[in-house]
Structure formats: C-alpha cells, structure tokens
Amino acid sequence: MTISVPATSANLGPGFDSLGLAVDLRNLVEFHPSKFFSVNIKGEGENNPKLKGNNLFVSIFNEHYNRLTKKRQSFKFTFYNQIPMSRGLGSSSAVIVSAISSAHEAAGIKVSKRRILNHALVYESHPDNITPAVMGGFNAATVEKGKVFSQKKHLPNYIKAVVVIPNKPISTSKARTLLPKSYSKENAVYNLSHTALSVAAFFNEDWEILKLASQDRFHQKARMKNLPELFSVQKTAYESGALMSTLSGSGSTFFSMVYDEDAVMIASKLSQKFPEFIVKILDFDNDGLIIEK
Ligand SMILES: Nc1ncnc2c1ncn2[C@@H]1O[C@H](COP(=O)(O)OP(=O)(O)O)[C@@H](O)[C@H]1O
Ligand SMILES: N[C@@H](CCOP(=O)(O)O)C(=O)O
C-alpha cells in the first residue's frame, strides 16, 4: 500500500488561514502489516532519531486504525519524505492527511477525501494547508461547525512555483504566537478585500493582478522580521518578474509564482543572490492525496 501527499503553500499573502495551494513535492509512505513495528525514513528526517519513536504519523495512524478496527496490529512503515519540516511547506498537514488516509486503507474502510479533510481538521485548526494537501490545486477554505468548506481551482501548467528554502526551521505553532491579538478595521478590510481579489484572480486566471492582490497586513511583516533576508528575497523575485511572492505559510520558505518561461531565470537569480538558501522550481499539484494500492 502506497500513499502520497503534496507540500502546500498557505496564506498566499492576505489569505491568512484560508488560501492555499499544492506543489509537486511529495511525502510518500509504504506500509504493510508486520509481526514487528518498524519505521524506516528516507529523505527529509532520515537523520532525525526522534522521528523513529515520537512520530506524528504513527500516533495519528494508530489512533484511527484502533478506532476503525478496535484491534492492535503492528505495521512496517517506510517513508520517502521530500517536504522539508518546519519550513512553511505544510509538512505537518501532509503527515496528518497521510496518516488518516493510511489508517483507513489499512483497515479496509473506504473514505471520501472530504471526510479525511474533516478528520484532519482535528489536528490542524486552520484549513489552508490540509485542504490543498487533500484536494490539490488552489483552494479557498473556511471552517463552520467543525467542518471544512472549500472551493478548488485547477492550476495550469504554464505557471510554476519558485520556492526559496532557508536552512531555518520555524515551528508553525510558535510563529502563530508572534501575531497581533487584534487588527484595526482598516487592516481587516485591507486583507479582506485583497483576499477576495486574489481568489477572483486565481479563478479568472488573471495572474498579472496577483502582485497587487497578494499584499498583506496581517502576518508577513511580523514573521519576516525573524529572517530579514526574506524582504530581499521578495524584492529580487519581483525585480526578476515574479507574478506574486509571499511568505509560504508561517515560513521560513518564500513562495513565488512565475510564468514557465521565466522560471529558470528567476530561480538562478535567487540562487546567485542567496547561495545559502535552497531554490527549487516546482510544478503545481492538482491531485492532492493519492492512494496507490
Ligand atoms: N515527515 C514527517 N514525519 C513525521 N513528523 C513530521 C514529518 N513532517 C513534519 N512532521 C511533524 O510536523 C512538525 C512540523 O510542523 P510545522 O511546525 O507545522 O511545520 P510546517 O511548516 O512544515 O507545517 C515536525 O516538527 C514534526 O513533528
Ligand atoms: N495559516 C497558517 C499556515 C501555516 O502553514 P505552514 O506551512 O507554516 O504550517 C499560518 O500562517 O500560521
């Protein structure tokens, strides 16, 4: 049994806790029942002994498997991780979604993507990572009475993501404590209107307006002050022709959307200017969670 889930870039500027999209950078897990429990990790986290024991995937998998089957069974898990942890690319959401889906598959119980998404909400209260992780594409999402309500837009292949990944982990939960407890009416309306315009731009595929629409007054500045080079990353991305350039989730990754034909040029300018950071060109993902028997 193989299950894979994509990385996600959330907020997309003003859409704090509501907008997010998936990129083609995946965590994949293979698992089967075994006499003895074992965890084998390749890629991100392979040198992190803590993940062998206190593993978020395993604890969520076991919780759901036991709930579904009322029995205990050992499994051998092999993880192939491409999503860097605590870098604002939704690694925790990918793990949560993967664990819930894997537990249902292991229990032989069919479950809809929508139901997996609502289960995932229990572990991550903001839907802007888990929704594109499950559904793929660009998503606008909100939560009402413990359920996610969302709309998805398929992303075309003539636009790409360029992500700049600093070697600085930022825990999402910690990053959320840095935010103001309240916002002025002016700033609330600013973000509301820019989020609305961003959503309309994505659905109309009007990419040229995203630089203006993706401005934010809620979270980016407070978080980017933690790693001031990110202001220069954003400036370089725009000077090189990026369509939009925003903090990916809670950071530290910076996400830019570019036209396909500009991707290599923009990525190389960012690599030259920030040699200490990893720069990747990624396709957008429109599949989300994939279950391969
Ligand atoms: N592949 C993985 N396997 C197990 N746990 C993971 C994995 N990826 C992320 N995690 C868990 O999620 C935490 C990172 O979550 P978070 O701070 O929200 O960062 P991100 O911005 O990547 O979502 C890690 O400290 C770890 O506990
Ligand atoms: N809306 C959240 C998004 C967190 O994304 P992540 O990829 O950093 O987990 C926030 O900004 O706190």
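Domain bounds, as used here, come from an automatic or database domain assignment. With that in hand, welcome to this predicted model. Domain 1 covers residues 2-154 + 286-292 and domain 2 covers residues 159-282, and each of them gives at least three residues to the shell around ligand 2. A second molecule, ligand 1, has 15 residues around it. Let's take the two ligands in turn, and then look at some details of the chain.

**Around ligand 1**

- Which residues are the closest to ligand 1? They are Ser86, Gly88, Ser91, Ser92 and Thr172.
- Helix 3, residues 91-107, contributes three residues to this shell, and no other element gives more.
- Gly88 takes part through its backbone, with an N or O atom 3.0 Å from an oxygen atom of ligand 1.
- Ser92 uses its side chain instead: an N or O atom there is 3.0 Å from an oxygen atom of the ligand.
- For Thr172, a polar side-chain atom lies 2.8 Å from an oxygen atom of ligand 1. On its own the ligand would expose 570 Å², and the protein buries 80% of that.
- Sorted by class, the shell around ligand 1 holds 10 polar residues, four nonpolar ones and one charged one.

**Around ligand 2**

- Ligand 2 is also surrounded by 15 residues, and the closest are Asn11, Asp17, Asp128, Arg223 and Ser250.
- Helix 5 (127-135) supplies at least two residues of this shell, and so does helix 6 (172-177).
- What distance separates a nitrogen atom of ligand 2 from an N or O atom in the side chain of Asp128? That distance is 2.6 Å.
- Ser250 has a polar side-chain atom 2.6 Å from an oxygen atom of ligand 2, while a polar backbone atom of Gly90 is 3.0 Å from an oxygen atom of this ligand.
- How much of ligand 2 does the protein cover? Of the 340 Å² of accessible area that the ligand has alone, 99% is covered.
- The class count here is eight polar, four charged and three nonpolar residues.

**A hairpin and its turn**

- Strand 8 (residues 244-247) and strand 9 (residues 254-259) run antiparallel and are joined by four bridges.
- One of the residues to look for is Met244, whose bridge partner in strand 9 is Met257.
- The two strands form a hairpin with six residues between them, and Gly249 in the turn has a positive phi of about 55°.
- Ser252 sits in the loop between strand 8 and strand 9, and the peptide bond leading to it from Gly251 is cis, with omega near 20°.

**Another backbone detail**

- Leu12 is not a glycine, yet it has a positive phi of about 50°.
- You can find Leu12 in the loop that links strand 1 (2-10) to strand 2 (19-33).

**What the UniProt record marks**

- An unreviewed UniProt entry gives residues 64-137 the annotation "domain: GHMP kinase N-terminal". This span is 54% helix and 9% strand, and its end C-alpha atoms lie 27 Å apart.
- UniProt also places "domain: GHMP kinase C-terminal" at residues 201-275, again from an unreviewed entry. Here the chain is 47% helix and 13% strand, with 33 Å between the end C-alpha atoms.

Key
Residues numbered from 1 in each chain as written. Chains lettered and ligands numbered in written order. Predicted model: local features only at pLDDT ≥ 70, side-chain atom pairs only at ≥ 80, totals over all residues. Heavy atoms only, no water. Pairing = 2+ DSSP bridges. UniProt positions renumbered as here; feature names shortened; annotations may be inferred. Near = heavy atom within 4 Å. Polar contact = N/O pair within 3.5 Å; in protein donor to acceptor, adjacent residues only side chain to side chain. Areas by Shrake-Rupley, 256 points an atom, 1.4 Å probe, with all protein chains shown as cover. Nonpolar A, V, L, I, M, F, W, Y, C, P; charged D, E, K, R; others polar.
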